[in-house]
Amino acid sequence: KQFVYDSKHACHLVRLLRMGYEILSEGKVIVERPDAKELFAIRNGEWSYEKVIAFATEMDEKLNDLYQHPEKCAVPYAPNEKFLNDLCQDITEGWWG
């Protein structure tokens, strides 16, 4: 089928935006998608180009809101550098014995 837009790209766009929001808002990575049927429908061109753009714009606003308000995020705003440095040191010492 031919569509006015790249429907496979639109499917991935919707999935990735949803996953990004889930990660930031809930702290979960949901691999087995509960919205798989809808994603296949998008890939089959059942969403209009306008609907894809409207969805992407809405999700972009939601993600920006989470970025601007880190207290709403389920993940830390910045990495725990001490933990990461200690982990790196432990792994290196473990490897070299």
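Is tyrosine 49 buried, partly exposed or exposed, and at what relative accessibility? In this predicted model, tyrosine 49 comes out at 42% relative accessibility, so it counts as partly exposed. That value falls between the cut-offs, with buried meaning under 20% and exposed over 50%. Tyrosine 49 belongs to helix 3. Its C-alpha atom is 6.5 Å from that of tyrosine 5, even though the two positions lie 44 residues apart in chain numbering terms. Put more exactly, tyrosine 49 and tyrosine 5 are 44 residues apart along the chain.

Now for the overall layout. The chain is built from four helices, with zero strands, and reads α-α-α-α from the N terminus on. Its radius of gyration is 19 Å, well over the 13 Å that the globule rule gives for 97 residues, so the chain is more spread out than a compact globule. Along the principal axes, the C-alpha atoms take up a box of roughly 60 × 30 × 20 Å. As for contacts between residues at least 6 apart in sequence, 72% of them link residues at least 24 apart.

On the surface side, buried residues account for 23% of the 97 residues. The accessible surface adds up to about 7500 Å², and carbon and sulfur atoms own 58% of that. Charge-wise, there are 12 positive and 17 negative side chains, and the centres of these two sets sit 9 Å apart.

Next comes the inside. The largest nonpolar core has 13 residues, and the members touching the most others are Val14, Leu17, Ile42, Trp47 and Phe55. Helix 1 (7-26), helix 2 (36-43) and helix 3 (49-68) each put in at least two residues, with helix 3 giving the most, at five. Valine 14 shows how such a hub is wired: setting aside neighbours within four places in sequence, it is in contact with Leu39, Ile42, Trp47 and Phe55.

Alanine 56 is another resident of helix 3. With a relative accessible area of 17%, it is buried, since the cut-off for that label is under 20%. Not counting residues up to four places away in sequence, alanine 56 touches Leu13 and Leu17. Valine 75 is another matter: it is 19 residues from alanine 56 in sequence, and the C-alpha atoms of the two are 22 Å apart in space.

Note on methods. Residues are numbered from 1 along each chain as its sequence is written. This is a predicted model: local features need pLDDT of at least 70, side-chain atom pairs count only at pLDDT 80 or more; totals for chains, interfaces and linings use all residues. Side-chain values use heavy atoms; hydrogens and water are left out. A nonpolar core is a set of buried Ala, Val, Leu, Ile, Met, Phe, Trp, Tyr and Cys residues joined through side-chain atoms within 4.5 Å. Buried means under 20% relative accessible area, exposed over 50%, partly exposed in between (1.4 Å probe, protein chains only). Contact means heavy atoms within 4.5 Å. The radius of gyration is taken over C-alpha atoms; the globule rule is 2.2 Å times the number of residues to the power 0.38. Accessible areas come from the Shrake-Rupley method with a 1.4 Å probe; for residues, only the protein chains shown count as cover. Lys and Arg count as positive and Asp and Glu as negative; His and the chain ends are not counted. The place of a charge is taken as NZ of Lys, CZ of Arg, CG of Asp or CD of Glu.
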